[in-house]
Amino acid sequence: MHKWSSLLLAVTLLVAPLSACGSSSDTTSGGNSRLDVVKGRGELVCGVDGSIPGFSYLDENGEYSGLDVDICRAVAAALFDDPNAVQFRNLDSTERFEALKGGEVDMLSRNTTWTISRDTAIGMEFAPTTFYDGQGMMVRTDSNIQSLEDFEGKSICVEAGTTTELNLTDNMRELGVNFEPVTYQQADPAYAAYAEGRCQGMTSDKSQLIARRSTLPNPDDHILLDITMSKEPLGPVTVDNDSAWFDTVKWVTYALVEAEELGITQENLAEMKESQDPTIRRFLGIEGTLGEDMGLPNDFAARVVNHIGNYGEVYDRNLGADSQFNLERGLNDLWKNGGLLYSPPFR
Amino acid sequence: MMTDQEQKIPLWRDDRFWRIAGQVIVVIGVIAFFGILGSNLVRNLQQAGIGFSFEFLGNNASFAISESVIPYNPSLDSYSRVLMAGLLNTLRIAISGIILTTIVGIFAGIAQFSDNWLLRKLSVIYIEIVRNTPLLLQLLFWYAMFLQLPSVEEKFDLAGIIFLSKRGINLPFPASPQIWLWLAALVVTAIAAFFLWQWRTKIIVEQGQSGQPQLITLWLTVITAILIIVFGFGWQAPQSPEPGTIETGLRLSIEFTSLLMGLVFYTGAFIAEIVRAGIQSVPKGQWEAARSLGLKSGLVMRLVVFPQALRVIIPPLNSQYLNLVKNSSLAIAVAYPDLYNVANTTFNQTGRVIQVILIIMITYLLLNLIISLLMNLLNISVQLKER
């Protein structure tokens with residue numbers, strides 16, 4: 001009997017301090033920013049979706065590609081001068097915020113819509129929007145469905161835990177249409193069920209629908225209705241109350257836009273470094289201490305452009321002219337060209 | 001003079017002391033452990049600027065779910081209402097699952113002792129395949145199977161009574177406004193039949209009569225019951241006023257059906273093994289004794305062996321029921337809006353993970369404690385009465 005109790009005593013004494021250590025080192029409190037954690041690790045852990053071509057997609061060779069993926073790579077390039085110093089984690093829409101809050105990933109870059117409740121009540125911090133989107137509806141070409149009213153008594157597939165799910169409910173409530181939502185925890189089964197004909201409609205962000213349509217068995221059998229149900233600003237996310245880390249993600253994202261605005265591309269970067277324009281020299285870290293003030297290398301923006309290119313190049317490569325989707329820039333063009341992209345000055 | 005007994009044993013050599021001290025230390029350790037977890041939680045929540053309250057439950061849920069037993073309107077109802085709808089969906093699966101899985105399990109279990117070679121082998125094949133593959137895989141299998149049904153526009157129409165389509169199985173459903181009255185009548189008929197049966201057995205055994213008149217009355221009650229069910233309930237077959245929609249009748253969505261099928265066949269295989277073990281635990285002498293009385297093998301099983309086997313069967317059966325209820329949370333894989341699925345969406349939309357998880361844990365705990373309680377009562381009733 002007393003052998004048992006002394007064993008239990010030993011175990012308890014061992015476990016109690018261990019659990020205390022574990023819990024205190026996991027938090028980002030006490031001025032210990034995630035930025036230092038990432039720098040110390042020498043690698044960025046980035047949460048992505050992993051199943052949306054054009055945004056984040058894991059191909060047959062085990063390579064990630066897409067706009068969201070390039071944002072992760074840009075942060076890694078800024079910090080480590082190595083776009084491959086990233087570990088990607090595939091997260092579905094229901095687990096993403098918990099993974100971020102629990103410190104399992106350093107940042108999210110996965111089609112996450114910026115909303116006020118996520119920014120406040122859920123405790124997230126949204127970096128600048130990298131893609132302005134709107135919610136659409138995909139139907140079968142031969143289905144005779146032209147508007148949301150035609151969904152009376154029909155079913156619509158949707159991914160759970162998304163703003164899409166809420167917008168759909170709101171829109172249908174306004175129109176007074178009785179429909180059946182079939183909610184899936186992940187995108188893959190949702191699109192599979194839609195492809196099998198479980199639902200007459202599939203709703204999500206338009207860009208995602210276009211990208212996903214390309215993976216359906218007969219892409220031409222499906223069309224997007226000419227409806228925009230909501231605005232969906234998508235961008236990278238970090239956890240609340242960590243300014244240093246949030247600033248890093250924010251300004252790396254802005255650097256992509258600013259580079260396009262200044263006309264700096266992967267190709268002309270070397271020439272641009274010779275430029276006498278003070279704005280360009282400050283941006284590339286040749287003059288001033290813009291990077292060092294944030295705790296980054298001074299030439300972080302130059303590193304980003306060198307490895308990833310500017311926003312325009314990233315867009316063209318993944319979604320635009322150079323990709324299979326050939327999406328118009330539209331809202332995602334620079335403000336000078338009538339779009340919404342605008343970077344605060346680098347000075 | 002001091003005797004040996006009055007001489008004090010040093011405290012650290014005193015077994016009684018260590019016994020108590022060990023318990024105290026363990027209790028302190030457990031409290032400290034949970035205290036650390038709790039304070040850590042509160043600190044982290046404060047850091048994230050989120051308080052620990054359940055007020056969010058009153059907020060508008062504003063997400064729709066595909067099926068609900070109670071009326072649920074996403075535009076008006078709160079999170080507590082949607083969680084209640086999810087709980088009722090879980091209960092719907094749990095209750096129909098427990099009933100069906102018991103039938104499947106007992107049938108497959110007894111079939112292993114059948115004199116029929118084909119039946120015996122079929123049940124072994126069923127049990128071995130189902131027991132050795134993961135439940136999640138089976139659920140996805142059933143779901144994929146049901147997705148192969150034709151679309152709503154081209155539904156299978158079985159005599160205009162049953163519709164089969166990708167949206168689900170549509171069955172006739174009682175729609176009579178006086179349904180409760182008819183149900184009450186049915187219950188009365190059943191009670192009458194029960195007493196008739198007892199009376200008949202009694203006079204056959206005690207007075208050696210044939211029981212023929214009673215048997216005829218018994219048949220009359222059965223016919224009355226059938227008439228009530230067929231004509232009183234006002235069965236309404238599903239209707240399709242325009243292609244693509246199905247109205248009235250009972251709809252079992254393919255999400256519900258695949259979850260139910262998966263759970264019933266999976267748990268049923270385990271119950272079959274429990275039933276087999278229970279039957280084998282009955283001494284061989286009982287079979288031989290019963291046969292020597294001239295009973296046929298079906299009657300031996302029903303009257304002699306199975307009642308004795310119940311003593312061994314019921315305790316593990318309880319565990320299987322609990323497993324069924326817990327496994328129903330895999331509904332999330334086939335998009336059925338059960339409690340866990342709905343709660344998952346809730347904490348995603350509100351960010352109140354810990355509160356929602358607490359609610360889920362307490363609900364499943366209560367549900368399973370109730371099942372255990374009922375099963376324990378049943379267990380007591382079949383135990384040997386030792387006097």
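User: Which residue is the bridge partner of Leu158(B) in β2(B)?

Analyst: The partner is Ile162(B). The model is predicted, with local features requiring pLDDT of at least 70 and side-chain atom pairs pLDDT 80 or more, whereas totals for chains, interfaces and linings use all residues. Residues are numbered from 1 along each chain as its sequence is written, chains are lettered from A and ligands numbered from 1 in the order written, and side-chain values use heavy atoms, leaving out hydrogens and water.

User: Why are β1(B) and β2(B) said to pair?

Analyst: Pairing requires at least two bridges found by DSSP between two strands. β1(B) and β2 (residues 162–165) of chain B have three, in the antiparallel sense, and therefore they pair. Strands here are DSSP runs (E, at least two residues), and helices are runs of H or I with at least four.

User: What makes β1 and β6 of chain B edge strands?

Analyst: Each pairs on one side only. The open sheet has the order β1-β2-β3-β6 (chain B).

User: Why is the link between Glu180(A) and Arg251(B) called a salt bridge?

Analyst: The term demands a side-chain nitrogen of Lys or Arg within 4 Å of a carboxyl oxygen of Asp or Glu. The N to O distance for Glu180(A) and Arg251(B) is 2.5 Å, so the pair qualifies. The rule finds three salt bridges across the interface of chain B and chain A.

User: How much area is buried between chain B and chain A?

Analyst: About 3800 Å², of which carbon and sulfur atoms give 54%. Buried area is the accessible area (1.4 Å probe) that two parts lose on being put together, summed over both.
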